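Here is a short note to read beside the model. Please keep the structure open and follow the points in order.

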Amino acid sequence: MAQPSKTSPMCTIIPPDLLIHISKSDKVSQKARDGANSTLKRCDDVNKIRHAALHSRLSAASKAAGPFDLKAAPKAAAGVSHLSRTIWDCQHRAGLPIDLNHDGIPDTNIQGLPRFRGPKLAAEGHVWKDTDDQSAKNVYEQFKQTYDFFFEVLGRDSIDNHGQKLIGAVHYDEDRQPGFFNAFFFNEVMAYGDGDGEIFRSFTDIIDITAHELTHGVTEATAQLVYENQSGALNESMSDVFGSLVKQYSKVPKQDARSADWLIGRGLFLVPDARALRDMANPGTAHGNTGITGRDRQPRDMDGYRELFPPNSDPVTGNDSGGVHLYSGIPNRAFFLVATTLGGFAWEKAGKIWYNTMLDPKIRGVNPRTAFKTFADLTVKYAEEFGPDAVQAVKDAWTDVKVYPWNPVWMAAGERGEL
Ligand SMILES: [Zn+2]
């Protein structure tokens, strides 16, 4: 069983190395450099609070209830939607709404994070209190699109499969030095910065950002992939996979696998330096064109994999928990290959194979250093449901990204590299 304190220590959409590059770039304003620095600091602070809260929550839960039984979780009981959304206004402060517990959130879950009495902008079935707030409108809609995908396609009733309320907090910012360049999922709350108008658009503009972050919650409720090395990269990859699928599913008309762009965070950047945060089809090509955000260093296969050890999540000096945003490109590309080889809508076969793998008890608490292999083997097993062509497509994809044939030398001490 994995150490509970290591699951998703900080689920932010912008990886630390990208913010570090912006903080040092001579091609952006001083304001942008300061914003990148203060965002790094804020993410580190929230990370520490979240780390402690998660640890106490999980240890209390394990004492009270024993091991979580995945199979015991009911699937979207009787097909009834329990979509429940609430959107709050942070009013450009570094805090979350103080009366979250009125919405059923235990106070201890957000202990230590600054809170305030911000206004509620929207609630399920209630009249808008501020109809001019585009950020609130965006998030309200994106929550529904994400909920609908998991409910309609996978039979999942919200993040916890028990109708968990979806809570958004928009206009999250720094008190003293405005400019929060990120969005994060902190326990039950999804908080969004406004962007700075120079490098980043509002983080509420991009559906796959919301879906990526909420999927971290789904992963935490199911596979609990330890957030370091290969299992951490898989954790990140799950969020990219389902983030992209939600985007494809929410298009009108719905988008098939071969028409999708397979980009994560497309449209977020206002500078020509970046097309997106990540490119699932072509890892390593999404950003860094003009040197502001740094080169996209995602390898496309295991030839570019080096075990980063020990995994360290410090946003400035760390190695991104063993390269979780770096190596997620490898399983991302495997998914892209399966989806486009099989054709049609990506969620019909590839998405279901991946989701069933997430629910398999064998993946829960998988060894972080061999997780790619365990995960790949399970996807082959779940592909059988869709026939021999699907099995072959899955095997071919893992061969293409060189997870197959598995090479134990990746875990040898001599192969350990630096970020
Ligand atoms: Zn993430």
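1. Strand β8 sends its side chains two ways: Val189, Ala191 and Gly193 point to one side, Met190 and Tyr192 to the other, and all are buried. Buried means under 20% relative accessible area, exposed means over 50%, and partly exposed lies in between (1.4 Å probe, protein chains only). β8 covers residues 189-193, and five of its five residues are buried, so the strand is largely enclosed by the rest of the structure. Helices (H or I, at least four residues) and strands (E, at least two) are DSSP runs, numbered from the N terminus.

2. A word on the basis. This is a predicted model: local features need pLDDT of at least 70, side-chain atom pairs count only at pLDDT 80 or more, and totals for chains, interfaces and linings use all residues. Residues are numbered from 1 along each chain as its sequence is written, and side-chain values use heavy atoms, with hydrogens and water left out.

3. Which strands pair with β8? β6 does so in the parallel sense, over four bridges. Here Ile167 has Val189 of β8 as its bridge partner. Strand β7 (residues 183-186) pairs with β8 in the antiparallel sense, also over four bridges. Phe184 has Ala191 of β8 as its partner. Two strands count as paired if DSSP finds at least two bridges between them.

4. Now the metal. The zinc ion is coordinated by His212 (NE2), His216 (NE2) and two OE atoms of Glu236, at 2.1 to 2.7 Å. Donors are N, O and S atoms within 2.8 Å of the metal (3.2 Å for Na, K and Ca); water is not among the atoms, so sites may look incomplete. The donor residues are spaced H-x3-H-x19-E in sequence. His212 lies in helix α4 (residues 207-221) and Glu236 in helix α5 (residues 229-250), so the pair ties together parts that are 24 residues apart in sequence. His212 is buried at 0% relative accessible area, and Glu236 is buried at 0% too.

5. Why is the arrangement of the four donor atoms around the zinc ion irregular? The angles that they subtend run from 52 to 132 degrees, which makes it so. Four donors count as tetrahedral if all angles lie between 85 and 135 degrees; four count as square planar and six as octahedral if opposite donors are over 155 degrees apart and all others between 65 and 115; anything else is irregular.

6. Check the backbone as well. Most residues other than glycine have a negative phi, and most peptide bonds are trans. Ser158 has a positive phi near 70 degrees. Ser158 sits in the loop between α3 (134-154) and β6 (166-172), and is buried at 5% relative accessibility. Asn161 also has a positive phi, about 65 degrees. Asn161 lies in the loop between α3 and β6 and is buried at 6%.

7. Two cis peptide bonds deserve a look. One joins Phe309 and Pro310, with omega about 0 degrees. Pro310 lies in the loop between β10 (278-279) and α6 (320-327). Another joins Tyr404 and Pro405, with omega about -10 degrees. Pro405 is in the segment after α10 (388-400).
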